[in-house]
Amino acid sequence: MLVTMSAALLLGLLIWFLLRIRYLRWVEFLLCSVFGFLVATTAAAPAIRAALEGVGGFLGQLHF
């Protein structure tokens, strides 16, 4: 859950930044939002969540 919230926050900040510099228009933002909402309701959602948790676990084990 923590990885999902972190990923959502980072993606939200990226979208805000792209909207701010006018690289991403509102229509594209709405399309991306609807696509994300539809993907979250499909059978692919658990696999995507597991992949995000795996990447988060991997990044958590890295030591610099």
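Just one salt bridge turns up in this predicted model. The partners are Glu 28 and Arg 25, whose side chains meet with 3.2 Å from N to O. That fits a simple idea: side chains of opposite charge can pair when their charged atoms come close. The two partners don't sit in quite the same surroundings. Arg 25 is exposed, at 57% relative accessible area, while Glu 28 comes out as partly exposed, at 28%. The label for Glu 28 follows from the cut-offs, because a residue has to be under 20% to be called buried and over 50% to be called exposed.

Stepping back to the whole fold, the protein chain has three helices and zero strands. Reading from the N terminus, the order is simply α-α-α. Helix H1 covers residues 2-20 and helix H2 covers 26-40, with a loop between them. Helix H3 spans 45-61.

The loop between H1 and H2 holds a little oddity, Arg 22. Most residues other than glycine have a negative phi. Arg 22 is not a glycine, yet its phi is positive, at about 65°. Arg 22 is also exposed, with a relative accessible area of 73%.

How does the chain fill space? Its radius of gyration is 14 Å, whereas a compact globule of 64 residues would be near 11 Å. The C-alpha atoms take up a box of roughly 35 × 35 × 15 Å along the principal axes. Not much is tucked away inside, either: buried residues are 3% of the 64 in the chain. In total, the protein chain exposes about 5800 Å², and 76% of that comes from carbon and sulfur atoms.

Part of that surface forms a nonpolar patch of about 620 Å², built from Val 55, Phe 58, Leu 59, Leu 62 and Phe 64. Phe 64 lies in the segment after helix H3. With a relative accessible area of 99%, Phe 64 is exposed, so it clears the 30% cut-off that patch members must exceed.

Finally, the database record adds some context. An unreviewed UniProt entry lists residues 6-23 and 30-52 under "transmembrane region". Such annotations may be inferred rather than shown by experiment. In the model, residues 30-52 are 83% helix and 0% strand. The C-alpha atoms at the two ends of that stretch are 23 Å apart.

Notes. Residues numbered from 1 in each chain as written. Predicted model: local features only at pLDDT ≥ 70, side-chain atom pairs only at ≥ 80, totals over all residues. Heavy atoms only, no water. Patch = residues over 30% accessible without salt bridge, like charges linked within 9 Å, V, L, I, M, F, W, Y side chains within 5 Å. Areas by Shrake-Rupley, 256 points an atom, 1.4 Å probe, with all protein chains shown as cover. Salt bridge = Lys/Arg side-chain N within 4 Å of Asp/Glu carboxyl O. Helix = DSSP H or I, 4+ residues; strand = E, 2+ residues; numbered from the N terminus. Buried < 20%, exposed > 50% of the residue type's maximum accessible area, 1.4 Å probe, protein only. Rg over C-alpha atoms; globule rule 2.2 N^0.38 Å.
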